[in-house]
Amino acid sequence: MLDPYTSDKIKNVIKRQIEDTKSHICYGVDSIENLQYARGRLSALEALLQDIKNLQKEDNDGNTD
């Protein structure tokens with residue numbers, strides 16, 4: 001799997017994008033279509049972050065056997 005430094009960098013980029021998207025939803029949405037797009041993006045980013053965490057957990061659990 002990825003080394004811890006690279007993994008942390010990827011997670012930080014995703015977290016930053018999540019925060020930017022949340023801010024955009026609160027302050028920058030000017031139409032229903034943009035709101036739906038932003039909500040979909042937020043959902044996808046959060047799912048991606050969770051998948052990365054799950055993969056790391058599986059990788060760590062597999063190394064302890």
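Helices here are DSSP runs of H or I, at least four residues long, numbered from the N terminus. Thr-21 is found in one of them, helix α1. The model is a predicted one.

Start with the two helices and what joins them. α1 covers 4-27 and α2 covers 32-63. Asp-30 lies in the loop between α1 and α2.

Now the packing. Two packed helices are described by the angle between their axes and the distance between the axes. For α1 and α2 the angle is about 155°, and the axes lie 10 Å apart. Angles over 145 degrees count as roughly antiparallel, and α1 and α2 are therefore roughly antiparallel to each other. The crossing of α1 past α2 is left-handed.

Which residues make the contact? From α1 come Ser-7, Ile-10, Lys-11, Ile-14, Lys-15, Gln-17, Ile-18, Thr-21, Lys-22, His-24 and Ile-25. From α2 come Leu-35, Ala-38, Arg-39, Arg-41, Leu-42, Leu-45, Glu-46, Leu-48, Leu-49, Ile-52 and Gln-56. By class, the residues of this contact divide into 11 nonpolar, 5 polar and 6 charged.

Take two of the α1 residues in turn. Thr-21 has a relative accessible area of 5%. Buried means under 20%, so Thr-21 is buried. Leaving aside neighbours within four places in sequence, Thr-21 is in contact with Ala-38, Arg-41, Leu-42 and Leu-45. Those four residues are listed on the α2 side of the helix contact.

Lys-11 is also found in helix α1. Is this lysine, Lys-11, buried or exposed? Lys-11 is buried, because its relative accessible area is 15% and the cut-off for buried is under 20%. Residues up to four places away in sequence are again not counted; Lys-11 then touches Leu-49, Ile-52 and Gln-56. These three also appear among the α2 residues of the contact.

Lys-53 has its place in helix α2. Its C-alpha atom and that of Lys-11 are separated by 8.8 Å, with the two residues 42 apart along the chain. Lys-53 has 38% relative accessibility, and so counts as partly exposed.

Next, Asn-12 of helix α1. Asn-12 counts as partly exposed, at 40% relative accessibility. Partly exposed covers the range between the buried limit of 20% and the exposed limit of 50%. Along the chain, Asn-12 and Lys-22 are 10 residues apart, and their C-alpha atoms are separated by 15 Å.

Finally, return to the loop. How does Asp-30 count, buried or exposed? Asp-30 has a relative accessible area of 64%. Exposed means over 50%, so Asp-30 is exposed. The side chain of Asp-30 makes a polar contact, at 2.5 Å, with the side chain of Asn-34. Asp-30 and Val-13 are 17 residues apart along the chain, and 25 Å separates their C-alpha atoms.

Key. Residues numbered from 1 in each chain as written. Predicted model: local features only at pLDDT ≥ 70, side-chain atom pairs only at ≥ 80, totals over all residues. Heavy atoms only, no water. Helix = DSSP H or I, 4+ residues; strand = E, 2+ residues; numbered from the N terminus. Buried < 20%, exposed > 50% of the residue type's maximum accessible area, 1.4 Å probe, protein only. Polar contact = N/O pair within 3.5 Å; in protein donor to acceptor, adjacent residues only side chain to side chain. Axes fitted to C-alpha atoms, helices over the stretch in contact; angles between N-to-C directions. Parallel < 35°, antiparallel > 145°, perpendicular 65-115°, else oblique. Left-handed = near helix turned anticlockwise from the far one by under 90°. Contact = heavy atoms within 4.5 Å. Nonpolar A, V, L, I, M, F, W, Y, C, P; charged D, E, K, R; others polar.
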